[in-house]
Amino acid sequence: MKKGYFITFEGPDGAGKTTQIDLLSDYFKSQGYDVVLTREPGGTELGEKIRQVIFEPGKQGMAPEAEVLLYAASRAQHIKEVIAPNLLAGNVVISDRFIDSSIAYQGFGRGMLDYVELVNNYITKDFMPDLTFLFKLDPQIAKERVSFKKQKIKPESKEFYETAMKGYEYLEKKYPDRICSIDASMAIDEITYRIIKAASQKMFGC
Ligand code: TMP
């Protein structure tokens, strides 16, 4: 049985997740926890190689079904090598993205929800996050905050991102106890306050 605590961060690129992940990690460390910061795709040697394949500059024509499986392969390795052992050891694992990204981007964005759920439910069934912070930001503002370099690596259409965000709304409704939505246009301090409050309430009941 897992003893630790698994927290994920989700939302559009450019919503400011990284800053808040670091601040939440500092908070848990100050409470005496061992904290593991990780990300998807990636988080393991194999996962980082898969990340390079997915985001290879100029790459075109990858079958959407293959893309789903690459993200899922990275996730399966991530659970086996990082998430499961750390949760079993009683540590806090904070991941920048997890299954919800696949549901939003591939399930909704690429219109393959059944396939994404089928593959991912098998992989994640015993290791779903205890708490997920979903950063919400106007897609146009999010896009403006993402570097030009990154936009060139992932040149998706406006419709793709809008549909993916609908995927997050679907998840928010489906898992109200797990997903805590954050208005990412708020000041950094305010966001940190809300995140730490929600995390400590969920973990320590206060
Ligand atoms: P990031 O590491 O800078 O957040 O970028 C990861 C990108 O990968 C982001 O655009 C979302 C995308 N992604 C998916 O499309 N599906 C997934 O399952 C995951 C984990 C990420």
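Is Arg110 buried, exposed or partly exposed, and what is its relative accessible area? In this predicted model, Arg110 comes out as partly exposed, with a relative accessible area of 27%. Its salt-bridge partner is Glu67, and the side chains of the two meet at 2.7 Å, N to O. The pair ties together distant parts of the chain: Glu67 belongs to helix α3 (residues 64-88), Arg110 sits in the loop between α4 and α5 (113-124), and 43 residues separate them. Glu67, for its part, is buried, because its relative accessible area of 6% falls under the 20% cut-off.

That contact is part of a bigger set, as the structure holds 13 salt bridges. Opposite charges on side chains can pair up when the charged atoms come close.

Another of these bridges joins Asp13 and Arg97, with 3.0 Å from N to O. Here, too, distant parts of the chain are linked: Asp13 lies in the loop between β1 (5-10) and α1 (17-30), while Arg97 lies in the loop between β3 (92-96) and α4 (99-109), 84 residues away. Asp13 counts as partly exposed at 21% relative accessibility, whereas Arg97 counts as buried at 10%. Asp13 and Arg97 also share a network of salt bridges with Glu10.

Then there is Lys17, which pairs with Asp96 in a salt bridge whose closest N and O atoms are 2.8 Å apart. Lys17 is in helix α1 and Asp96 in strand β3, so this pair links distant parts of the chain, 79 residues apart. Lys17 is buried, at a relative accessible area of 8%, and Asp96 is buried as well, at 16%.

Notes: Residues numbered from 1 in each chain as written. Predicted model: local features only at pLDDT ≥ 70, side-chain atom pairs only at ≥ 80, totals over all residues. Heavy atoms only, no water. Salt bridge = Lys/Arg side-chain N within 4 Å of Asp/Glu carboxyl O. Helix = DSSP H or I, 4+ residues; strand = E, 2+ residues; numbered from the N terminus. Buried < 20%, exposed > 50% of the residue type's maximum accessible area, 1.4 Å probe, protein only.
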